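Me: Please take a close look at one buried helix and its surroundings, and then relate that part to the rest of the assembly. A connected account would serve me better than a list.

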Amino acid sequence: MNVEISDPRFDPEPSGWASFVGSHGLHPVWRYPLMRLEAWTARNPPVLAVVREHGRVVGGLQVMVCRSWRTGRFGPPAPRLARWRPRWAEVYLPLHSGYPAAAFHPDADARAAVREFERALVRWAGPGLLGVLYRAMTADLAGAMAGPGRPCREIDPAAVLNPPATFEAWRAHLDDDVRATIDAIDADPEVCTDVGAGRSDLDPTELAALLNAHRARQDARAWAGGQRSRFAGLHLDTRSPVSPAYLESLLRRSNVLTRTYRTPAGRLLGFSTMINDRAAAAFHHWAALPKADGGVPGLHRHAYAQAVAKAVERRATTLTAGRAMLEEKAALGFRDVRELHTVAAPRPLLGDRRGPQAAPPRETPQRTTTPARTGRTT
Amino acid sequence: MWNSLAFRLWRAAYLRAVSSAFATVPLYRETWALRGRTDPVLVPGKTGTGGGALPADEVHRRLVDTAPLAGGSTEPDPARGLAGLLGHATERRSHRLVVVVDSDVARPPTGLPRGSRGCVLHPDAATAAGDEPVLREIVDTLRRGERVLAVGEAKNLDMLSAELPAELPPPDRVPHHRIDRPGGGPFGLLHDPLLGYLGVLRECGRLHVDRRHVYVRETPGGLAFTVLDRTSPRLVDVLIGGGVPGEVHACPKHASPVIDT
C-alpha cells in the first residue's frame, strides 16, 4: 500500500482518481477540478492523498495543511523553507462538513491506509507538521484513526432523513406551524422560485456573496451564543469564503440542483443547492437574506420541503442536512442523526501502528447503511 | 521612461500592490490564479487574456470581492486623490471652498490643504437655487471675497455658474476628463467614478499620472490603472472607460509619467 499526495493547484489529477470517485458515488466536492478551484481560493488549501494498493486506487483523503486560524492570506505555494514552519493538518471537507474527508474501498484495510497516509504526509509536509486532526469522521472511520495517545471526541452530528415513500407521508409528520409556513411561502406572490440541475444561468458572484454573508452571520451568532469550541466558527476557522468560480463550477454539475428565491423584481432572497444522488442525497448549501434586509422568514423551511420532494422523487436512500440547527431540522423531519467524531493524532504518533483505539466511539443507534466505508451516505 | 530611480520606485510600488492583491484579495486571487496574468506572471504557464487586467464594470459588479480576506470597505471613493492633484490642476495654490459637482461623488474630498473645505453638490441640486445649502455656502464664500473651486463635468460646471448671482465673481473651475472622452486644456482632471482622480492635465498639455497614488500599465485591453495606496477596496489593473488603448511615457518638460491615448 502506498500513498501519493497531490496539490491540486499544481499537480495533474492522479490516475484512476476520477473513476474511484465515480464508482464509489462520492460527492462532487471530491472531483479534482473542483478541488483545484477550491485550493486556489483557500487560505488553507486542501491537498489530495490517494491510497493505492498494487497500483489501484483504494482510498483517498482530503487534507488541509493549516498555518493559522486567522490568517488574512491565501495559501502560498509550498516553498522549501516553509517545511520548517509550524503547521497542522486537518482531514476535513471544509465546504461539506457533515461528511468525512476520507473514503476507502470496502475491502481496503483502513487502519493500515491511514497510518501509511500519515507517514506520507509527514514526508510531504516536512518537519514543521505538528499533527493531524481528523474531523467529522463516522464511527467506523474514527475507529481506524484512533489509537493510544490519540484523543477522540464526539462532535455535533449531521441531521439525516430517510425519505418516506411519498412526499405526503413526510408532510403528515410535520407540525402545523411548519406546514403553515411552507404553504404561506407557496402562496406568497412576492416570492418567486425556480429550480434546475446543471445551471449556467445564475450569477455566481451574487450567490457567493449571499452565501458568504450568511455563513458569517451564522458563525457570529454561534460565537455570541457562547459556542467557543465551534471549530467551524469564524473565530477559529480554517475555512475560507466560497469563491464564485468554485460555486459556478459546482452549480454546473448535472447532479447538483439549485433553487433560487427572488422577489418579482428579481432581487435574490435566498438559494439552496442539493446534491441529488440516488444513493446519498444532501442538502448542500443554504443562504438567505436576513429579515432586517428584506428577507422572508421561514424560507428555509420551504427549501427543505422542496429538497425532500426531490429526494422522494429520486427515491434517494438518505438525505442529509448538515450539522447546524438540529432542532429546526428535527421539526422538518430530519430526526435521525449520524454521529461524527474528531480524532487528534499528535506528531510523535503519526504513522504509529500500535494497537486498537483507546476509546472506541459509541455505536450510533440510528445509523444507516453505507456503500463504501465513508459514512457519506447517511 | 523618466529617470530610472523614480521609475523603479513607481514600478516597485505596483509590484507590491499586485503581490498583496494576489495574496489577500479574493477577486484577484481567483482571476490571476485561474486565468493568469502577465507583467508579472504569478502562476507559471498562466498568462490569461488582456494581461490580467479587468474591465471596470466587472470590478464594480464584484466589489464585494475587492476587500481583503482580513476585511475592509467595499465602497469605492470617487473623490479619492483629488486633494493631491489640486496643486497642479489650478494656478492658485489654495481655495477656501472646493466643490465637487458630480452625481457619482457622494462624499466630500478629504485631505485638502489647511484652510480649505470640501463639499459635494449633486448636479440636479445645482438648479435648486436658494434652497440648496451647498449653493448657499458657495454664494456666501464668494460674497466674502474668498475663492471657490468647482470641479466636475464641464456641463455641470456651466450649470453651476448659471445658477450663481451675476454680480459675484465666478468660481475657479477644473473640468473632469474621462479617459474615453478627453477634453482640451489648459486644466483638467482625469476622473473615473470607480477609481477616483487619476491624473491631471498640466500646462504642458499632457495628461500626467498621479504617480504617488496611481500606476498605469499598457495592456492588450487598453491602459490599466492601479490605485497604489488604498487597500480596500483594492483596485488593481482596472480597464476604465471600456479599455482605451494608449501609451505611458515620460513628459519631456516635467520628467514624470504621462499617458497618450
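Reply: Met35(A) is found in helix H2 of chain A, where helices (H or I, at least four residues) and strands (E, at least two) are DSSP runs, numbered from the N terminus. The model is a predicted one, in which local features need pLDDT of at least 70 and side-chain atom pairs count only at pLDDT 80 or more, while totals for chains, interfaces and linings use all residues. Residues are numbered from 1 along each chain as its sequence is written, chains are lettered from A and ligands numbered from 1 in the order in which they are written, and side-chain values use heavy atoms, with hydrogens and water left out.

Met35(A) counts as buried because its relative accessibility is 0%; buried means under 20% relative accessible area, exposed over 50%, and partly exposed in between (1.4 Å probe, protein chains only). Leaving aside neighbours within four places in sequence, Met35(A) is in contact with Pro8(A), Val29(A), Trp30(A), Val47(A), Leu48(A) and Gln62(A), contact being heavy atoms within 4.5 Å. One of these partners, Leu48(A), is 13 residues from Met35(A) along the chain, and the two C-alpha atoms are separated by 8.5 Å.

The burial extends along the helix. Tyr32(A), Leu34(A), Met35(A), Leu37(A), Glu38(A), Ala39(A) and Trp40(A) are the buried residues of H2(A). Helix H2 of chain A spans residues 32–40, and seven of its nine residues are buried, so the helix is largely enclosed by the rest of the structure. As general background, an α-helix has 3.6 residues a turn, so residues three or four places apart point the same way.

H2 also takes part in the association of the two chains. Chain A contributes 16 residues to the contact and chain B contributes 17. Between them, the chains bury about 1400 Å², of which 69% is on carbon and sulfur atoms; buried area is the accessible area (1.4 Å probe) that two parts lose on being put together, summed over both. Trp40(A), Phe74(A) and Thr205(A) supply 45% of the area that chain A buries against chain B, more than any other three residues.

Across this interface the rule finds one salt bridge, defined as a side-chain nitrogen of Lys or Arg within 4 Å of a carboxyl oxygen of Asp or Glu. The side chains of Asp203(A) and Arg61(B) form this bridge, at 3.2 Å from N to O. Five residue pairs across the interface, both members at pLDDT 80 or more, are in polar contact; such a contact is a pair of N or O atoms within 3.5 Å, where within protein one must be able to donate a hydrogen and the other to accept it, and residues adjacent in sequence count only if both atoms are side-chain atoms. On the side of chain A that touches chain B, the elements giving two or more residues are H2, helix H7 (204–224) and helix H8 (244–251). The residues on that side divide into seven nonpolar, five polar and four charged, with Ala, Val, Leu, Ile, Met, Phe, Trp, Tyr, Cys and Pro counted as nonpolar, Asp, Glu, Lys and Arg as charged, and the others, Gly among them, as polar.

The nonpolar cores complete the setting. A nonpolar core is a set of buried Ala, Val, Leu, Ile, Met, Phe, Trp, Tyr and Cys residues joined through side-chain atoms within 4.5 Å. In the largest, which has 98 residues, Leu61(A), Phe104(A), Phe117(A) and Tyr134(A) touch the most other members. Not counting residues up to four places away in sequence, Phe117(A) touches Val3(A), Ala49(A), Leu61(A), Val63(A), Val91(A), Val132(A) and Tyr134(A). A second, separate core of 40 residues includes Trp40(A) together with Ala13(B), Ala17(B) and Val248(B).

For chain A overall, there are 10 helices and 13 strands, and buried residues make up 57% of its 378 residues. Among contacts in chain A with a separation of 6 or more, 77% join residues 24 or more positions apart.

A contrast to Met35(A) is offered by His54(A), placed in the loop between strand E2 (46–53) and strand E3 (56–66) of chain A. His54(A) counts as exposed, at 82% relative accessibility, and has a positive phi of about 55° although it is not a glycine.
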